[in-house]
Amino acid sequence: MRRRWLAGITMAAVLGLAACGGGGGPAAPTGQASGTGGGAKQQVEVFSWWTGPGEADGLKAMKEIFEKQNPNLTFFDAAVAGGSGDKAKALLQSKLQADTPPDTFQGHAGAELLGYIKAGDLEDLTFLYDELKLKDAFPAQLVEQISYQGKIYSVPVNIHRSNILWFNPSVLKEAGVAAAPKTIEEFIAALEKVKAKGKIPLSIGSEWTVTHLMESVLLGSLGTDAYNALFKPGADWGSADVTKALNDFAKIMSYAGDPQDDWQPAAAQVAEGQAAFNIMGDWAYGYFHNPPEGGLGKQSKTDFDWAPSPGTEGTYMWLSDSFTLPKGAKNRDGAVAWLKVAASKEGQDAFNPKKGSIPARKDADAALYTDYLGDALKDWSSNKLAGSVQHGVAVSQPWLASINESVGLFIGTKDVAALQKGLVDAAAANAQ
């Protein structure tokens, strides 16, 4: 069954940011085979928001494969810093409106891409799925969920999990918390125990990380079916159950430490023993686990541990990074060559262990996915699924912008009623 995000959407507001430098070498004639022949190397502009430890390492690993397989192409890294891609998306919008698209850009599979599709910004990639037999390589449910009117406009390179509770085992032990809390009530009790010991109970980062936290609390308080129902037409965001969930969220937020600049320093507070808990996607695993030149070099089960966020065990709140082919790309053939690497077993197995995610392909080398990633592979194939709000699966970009505006106001006012009204209004204006 196709998800609700296939309904109509309008584009997000545009920020007037200048286009970044570089990108787009001489255009390759349409139909020219990429990666073959002599002559000057052609540049392929790959636009993403992967600049942090773990994610940048994964991108570099795919770049090396790309340039090895395509000796007459060079990779131009047009990544824009900023967790969750908010700054990158704003800049991307300005480039698309100026008809100067990158050759390929990263986006979250799901509702987030629908605005670009309906605006006519993306090429249909069904030809690539046929050529590479990707409908057999990816799970059928994933292919269905990223299809729009029978066409596919992106190549998913990974699967992430959003609803992960990261915690420091030593801090929990010091506070007398025997195990990771499994319910919202247990979570609040654990936060209080940590607070009593003078440590930061819950670390948070920039504003988007609070929306990320809220989606996990909504899922944990409402349950999977009721959470998923929130994104269907006529959903009741004003219900008493949502009120209870938002009161839980407000209570949990009352234990949050000072907001950090982004998700990395907030996650680091847990790994370094300053804070007990952080709810963040599993890209944090790559950051914790990777060697110090790219990550924190921490030891799992000692410096950090994980569990499904409270109340969400048995549900995989998912998101997927994917690459696209914008219409008018200067180096279209080079972009197609990049998409082939992103779709390949070799590319996904090089990228995902460093990024802290699991492959979108079904035939990836399971031996590469150990520790947390082994748990994720197992859960992905057995859990119920729920779509992330913050990361582009469940809501469109305009809807998310309205949600984030309400959450931003809540951070200042702590007014639950106003937050719920904002969420009701956001759904009424955007759900279709």
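**A three-stranded sheet and its helices**

In this predicted model, 3 strands make an open sheet with mixed pairing, in the order β7-β12-β14. Local features need pLDDT of at least 70 and side-chain atom pairs 80 or more, while totals for chains, interfaces and linings use all residues. Numbering runs from 1 along each chain as its sequence is written, and side-chain values use heavy atoms, leaving out hydrogens and water.

User: Which strands stand at the edges of the sheet?
Analyst: Strands pair if DSSP finds at least two bridges between them. Two strands here have a single partner each, so one side of each is left without a neighbour in the sheet. Those are β7 (160-161) and β14 (384-387).

User: What is the bridge partner of T315 in β14?
Analyst: Look at β12 (residues 315-319), which pairs with β14 in the parallel sense over 4 bridges. For T315, the partner in β14 is K384.

User: What angle does α16 make with β12?
Analyst: α16 packs on the sheet, touching β7, β12 and β14 (contact means heavy atoms within 4.5 Å). Angles run from 0 to 180 degrees between N-to-C directions, with axes fitted to C-alpha atoms, for helices over the stretch in contact. For α16 and β12 that gives about 100°.

User: Which residues are exposed on the other side of α16?
Analyst: Buried means under 20% relative accessible area, exposed over 50%, partly exposed in between (1.4 Å probe, protein chains only). In α16 (residues 372-382), the buried ones are Y372, L373, A376, D379 and W380. Across from them, the exposed ones are K378, S381 and S382.
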